[in-house]
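Reader: I have a few "how do you know" questions before I take this one to the bench. Can we go through them together?

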Amino acid sequence: MTTAIDIDQFVTAIGDAIIVSDPRGAITVWNPAAERMFGFSRDEALGRSLDLIIPERQRQRHWDGYEKTMETGETRYGTQVLKVPALHKDGHTLSIAFTVGLLRTADGTVTGIIAVVRDETSRWNEERKLRRRLAELESTPG
């Protein structure tokens, strides 16, 4: 027996941020986890550009890749976890990890991109501390 899944309930209940953007990069889905992670309410995010959460220095690279994905209908990040900096509403930087998937019409036209995002800031900071400590230990004469 197959049980139908209520997609809206799934997107609302999941602990990771779910963000969907249209072909121009405007946000069309912003779940409660995205609100918690980035600080913007659903109303503040919907219809806005993804620039809302992309640091200035990352934007050109992001949009170059986004446009290429829209043109070709292919992404190399569908199976890879991408780790990048992101912005919180209050201006502090987050370290996020995410995967993306392309949304398509029945004829294969790309209608948007869905990203499943996790906040890795604490882990990234801890790894940075460990790397620094290791470098200190390795540089200490023996």
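Author: Sure, and keep in mind that this is a predicted model. The protein chain exposes about 9500 Å², with 53% of that supplied by carbon and sulfur atoms.

Reader: Why is isoleucine 7 called exposed?

Author: Its relative accessibility is 53%. The cut-off for exposed is over 50%, so isoleucine 7 counts as exposed.

Reader: And what makes Ile5, Ile7 and Phe10 a patch on the surface?

Author: Patch members need over 30% relative accessible area and no salt bridge, and nonpolar side chains are joined within 5 Å. Ile5, Ile7 and Phe10 form such a nonpolar patch, and together they have about 330 Å² of accessible area. As for where Ile7 is found, that's helix 1, residues 7–13.

Reader: What does the rest of the secondary structure come to?

Author: The chain has five helices and five strands. Along the sequence they follow the pattern α-β-β-α-α-α-β-β-β-α.

Reader: How much of the protein chain is called buried, and by what cut-off?

Author: Buried means under 20% relative accessible area. Of the 142 residues, 32% are buried.

Reader: How do you know which contacts link residues far along the sequence?

Author: Take contacts with a separation of 6 or more: residues 24 or more positions apart account for 41% of them. A contact here is heavy atoms within 4.5 Å.

Reader: Last one: how many charged side chains are there, positive and negative?

Author: There are 19 positive and 21 negative ones, and the centres of the two sets lie 6 Å apart. For scale, the C-alpha atoms fill a box of roughly 65 × 35 × 35 Å along the principal axes.

Key: Residues numbered from 1 in each chain as written. Predicted model: local features only at pLDDT ≥ 70, side-chain atom pairs only at ≥ 80, totals over all residues. Heavy atoms only, no water. Patch = residues over 30% accessible without salt bridge, like charges linked within 9 Å, V, L, I, M, F, W, Y side chains within 5 Å. Areas by Shrake-Rupley, 256 points an atom, 1.4 Å probe, with all protein chains shown as cover. Salt bridge = Lys/Arg side-chain N within 4 Å of Asp/Glu carboxyl O. Helix = DSSP H or I, 4+ residues; strand = E, 2+ residues; numbered from the N terminus. Buried < 20%, exposed > 50% of the residue type's maximum accessible area, 1.4 Å probe, protein only. Lys, Arg positive; Asp, Glu negative; His and termini not counted. Charge placed at Lys NZ, Arg CZ, Asp CG, Glu CD.
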